Structures are given as structure tokens and as C-alpha cells.
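Hi,

Here is the structure I said I would pass on. Have a look at it first, and then read on for what turned up.

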Amino acid sequence: MIPKKRNYVRFNGSTTPGENIALPRCAEGVLWTEMLTPIAMSSDQIAAFQDSAQVCWGTSITNRPLQPSNNRFLLSPRNVDP
């Protein structure tokens with residue numbers, strides 16, 4: 001699921017564990033890496049991804065409430081392709 005053009009940005013954030021996890025929502029800090037080049041997925045691949053969320057976290061709801069930016073910034077590598 002990594003595109004051929006590997007442009008990305010990184011930022012500090014948090015996770016959204018399912019309701020069966022001991023941590024409260026948005027409590028675990030992580031360094032996110034977001035690819036800037038989209039990839040294509042078939043409807044079967046999307047369904048398999050959604051099913052895996054249900055198995056891993058006990059919920060298919062993987063979005064989280066909007067969080068304040070708290071002075072976070074995007075980190076970008078120097079060698080980003082145009």
C-alpha cells in the first residue's frame with residue numbers, strides 16, 4: 001500500500017483505540033506518516049481493510065473527533081518530488 005512516488009509528510013498525533021482497549025480515545029501518542037500520492041484500492045480491498053479494523057479494535061469506526069492543533073507542525077523530507 002505504498003505508492004511508487006514516496007512523497008510524505010509526518011506529524012505528531014494520537015490513535016483511536018476501540019472500546020475494548022483500556023486507553024481512552026486519542027490518548028496514545030504516535031508519529032503519523034501520510035503519503036501525498038494516493039493509491040487505488042478495489043472495493044474488495046476496502047472491505048477487507050474495514051473487516052480487519054473490526055477484528056483488531058472491536059469496532060469498524062476508526063475515525064476520531066477533531067483535535068486542536070496544539071502547535072503541531074508538519075515534517076517534510078528535503079527530497080520531496082514535485
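Does Met 35 count as buried, partly exposed or exposed, and at what relative accessibility? Keep in mind that you are looking at a predicted model. Met 35 comes out at 28% relative accessibility, so it counts as partly exposed; buried would need under 20%, and exposed over 50%.

Met 35 sits in strand 2, which covers residues 29-35. If you skip its neighbours within four places in sequence, Met 35 has contacts with Ile 2, Pro 3, Arg 6, Asn 7 and Tyr 8. Take Asn 7 from that list: it is 28 residues away from Met 35 along the chain, yet the two C-alpha atoms are 5.9 Å apart.

Now the overall picture. The protein has two strands and one helix, and going from the N terminus the order is β-β-α. There are 82 residues, and 15% of them are buried. The accessible surface adds up to about 6800 Å², with carbon and sulfur atoms accounting for 55% of that. As for contacts, if you take those between residues at least 6 apart in sequence, 58% of them link residues at least 24 apart.

Arg 72 gives you another pairing across the sequence. You will find Arg 72 in the segment after helix 1. Its C-alpha atom is 7.1 Å from that of Phe 11, and 61 residues separate the two along the chain. Leaving out residues up to four places away in sequence, Arg 72 touches Asn 12, Gly 13 and Gln 67. What about its exposure? Arg 72 has 36% relative accessibility, so it too falls in the partly exposed class, between the 20% and 50% cut-offs.

One more thing, this time on the surface. Which residues form the nonpolar patch there? They are Ile 39, Met 41, Ile 46 and Phe 49, and together they have about 330 Å² of accessible area. Phe 49 belongs to helix 1, which runs over residues 43-57. With 47% relative accessibility, Phe 49 counts as partly exposed, because exposed would take over 50%.

If you open the model, you could start at Met 35 and its contacts, Ile 2 and Tyr 8 among them, then go to Arg 72 in the segment after helix 1, and finish at the nonpolar patch that includes Phe 49.

Cheers

Notes. Residues are numbered from 1 along each chain as its sequence is written. This is a predicted model: local features need pLDDT of at least 70, side-chain atom pairs count only at pLDDT 80 or more; totals for chains, interfaces and linings use all residues. Side-chain values use heavy atoms; hydrogens and water are left out. Patches are made of residues with over 30% relative accessible area and no salt bridge: like charges are joined within 9 Å, nonpolar side chains (Val, Leu, Ile, Met, Phe, Trp, Tyr) within 5 Å. Accessible areas come from the Shrake-Rupley method with a 1.4 Å probe; for residues, only the protein chains shown count as cover. A salt bridge is a side-chain nitrogen of Lys or Arg within 4 Å of a carboxyl oxygen of Asp or Glu. Helices (H or I, at least four residues) and strands (E, at least two) are DSSP runs, numbered from the N terminus. Buried means under 20% relative accessible area, exposed over 50%, partly exposed in between (1.4 Å probe, protein chains only). Contact means heavy atoms within 4.5 Å.
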